[in-house]
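Welcome! Here is a short, friendly tour of a protein model. Take a moment with the sequence and the 3D view, then read on.

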Amino acid sequence: MIEGIIHSENPKEHWEHLNCNGKIILDLGCGFWTEEERQAGDGTAKYFISQNPKQYIGLDHNGADIRRLSEEFPQGIFYHKPIRAKEDILELIIAHNPQIIKCDIEGMESAFLGINQRYSIEQIAIEFHHGSDGLCLEWMKRVGLNPWRIDLVSFCSEIKVLYGKC
């Protein structure tokens with residue numbers, strides 16, 4: 001498995017190994033991370049939409065961010081909703097058939113662990129916290145995704161990003 005290091009929250013670095021050109025992407029946690037990012041409008045929605053996806057679906061628990069992103073990117077589909085359980089993710093997967101999933105839902109990535117098949121997912125990147133990388137690796141393998149890269153986050157040792165693909 002390839003190992004890398006992430007030095008910022010800038011989507012161009014933080015999610016650089018996901019290319020959604022011509023694909024359907026589900027962006028779980030599409031709201032802005034910092035006030036500076038919010039002021040500049042440089043979040044993951046802008047980053048992924050600039051790649052010309054077939055469809056962009058963004059979800060976040062921050063209603064103000066979702067309202068702003070919906071206005072700024074009318075070509076996207078946006079949901080204001082927290083992820084609390086696997087059913088919240090499954091509902092979106094079944095409704096939209098995403099080929100790519102980016103997951104940055106601050107600790108609730110564990111909701112993926114209860115999903116027992118790959119569905120339409122061809123690529124996934126999950127930011128996980130507090131050493132749950134072993135569980136995420138096992139889940140990817142169980143549903144038929146090949147873990148191929150793990151990035152450590154230099155500014156927060158408890159966070160890593162794990163990539164998988166078919």
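Two strands count as paired if DSSP finds at least two bridges between them. With that in mind, a hairpin joins E7 to E8 through 5 residues. Please remember as you look around that this is a predicted model.

**Strand pairing around E7**

- Strand E7 (residues 146–153) and strand E8 (residues 159–165) pair in the antiparallel sense, over 6 bridges.
- Strand E1 (residues 2–6) runs parallel to E7, and 5 bridges join the two.
- Asp151 is a handy landmark here, as this residue stands opposite Val161 in E8, while Gly4 stands opposite Asp151 in E7.
- The side chain of Asp151 also meets that of Arg149 in a salt bridge (2.8 Å, N to O).
- Are Arg149 and Asp151 buried or exposed? Both are buried.

**The nonpolar cores**

- The largest nonpolar core has 28 residues, and those that touch the most other members are Leu28, Ile89, Ile101, Phe112, Ile124, Ile126 and Trp139.
- Which elements give two or more residues to this core? They are strand E2 (24–28), E3, H5, E5, strand E6 (123–129) and helix H6 (133–143).
- H6 supplies the largest share of this core, with 5 residues.
- A second, separate core holds 22 residues, including Leu69, Phe78, Ile100 and Val161.
- Val161 is also the residue in E8 that Asp151 stands opposite.
- To see the surroundings of one member of the largest core, try Ile124: leaving aside residues up to four places away in sequence, Ile124 touches Leu18, Ile101, Phe112, Trp139, Met140, Leu145, Leu162, Tyr163 and Gly164.

**Helix H5 and its neighbours**

- The buried residues of H5 are Asp88, Ile89, Leu90, Leu92, Ile93 and His96.
- What do these buried residues pack against? They pack against E2, E3, strand E4 (77–80) and E5.
- One of the buried residues of H5, Asp88, belongs to a network of salt bridges that links Lys81, Asp88 and Glu91.
- Within that network, the side chains of Lys81 and Glu91 meet in a salt bridge (3.4 Å, N to O).
- Lys81 lies in the loop between E4 and H5, and Glu91 lies in helix H5, so this pair ties together parts that are 10 residues apart in sequence.

**The buried pair Lys102 and Asp27**

- The structure holds 7 salt bridges, and one of them brings together the side chains of Lys102 and Asp27 (2.6 Å, N to O).
- Why does this pair tie together parts that are 75 residues apart in sequence? Lys102 lies in strand E5 and Asp27 in strand E2, so the link spans that stretch of the sequence.
- Lys102 counts as buried because its relative accessibility is 1%, and buried means under 20%.
- Asp27 also counts as buried, because its relative accessibility is 0%.
- The side chains of Lys102 and Asp27 are joined by a polar contact of 2.6 Å as well.
- Other parts of the chain gather around Lys102 too: not counting residues up to four places away in sequence, Lys102 touches Trp15, Leu18, Leu26, Asp27, Leu28, Gly29, Cys30, Thr44, Phe48 and Ala125.
- Leu18 is a contact of Lys102 and also of Ile124.

**Two asparagines with positive phi**

- Most residues other than glycine have a negative phi.
- Asn52, although not a glycine, has a positive phi of about 60°.
- Where is Asn52 found? Asn52 sits in the loop between helix H3 (44–49) and strand E3 (55–60).
- Asn52 counts as exposed because its relative accessibility is 53%, and exposed means over 50%.
- Asn97 is not a glycine either, and has a positive phi of about 50°.
- Asn97 takes this phi just after H5, in the loop between helix H5 (86–96) and strand E5 (100–103).
- Asn97 counts as partly exposed, because its relative accessibility is 45%.

Terms used: Residues numbered from 1 in each chain as written. Predicted model: local features only at pLDDT ≥ 70, side-chain atom pairs only at ≥ 80, totals over all residues. Heavy atoms only, no water. Helix = DSSP H or I, 4+ residues; strand = E, 2+ residues; numbered from the N terminus. Buried < 20%, exposed > 50% of the residue type's maximum accessible area, 1.4 Å probe, protein only. Core = buried A, V, L, I, M, F, W, Y, C linked by side-chain atoms within 4.5 Å. Contact = heavy atoms within 4.5 Å. Salt bridge = Lys/Arg side-chain N within 4 Å of Asp/Glu carboxyl O. Polar contact = N/O pair within 3.5 Å; in protein donor to acceptor, adjacent residues only side chain to side chain.
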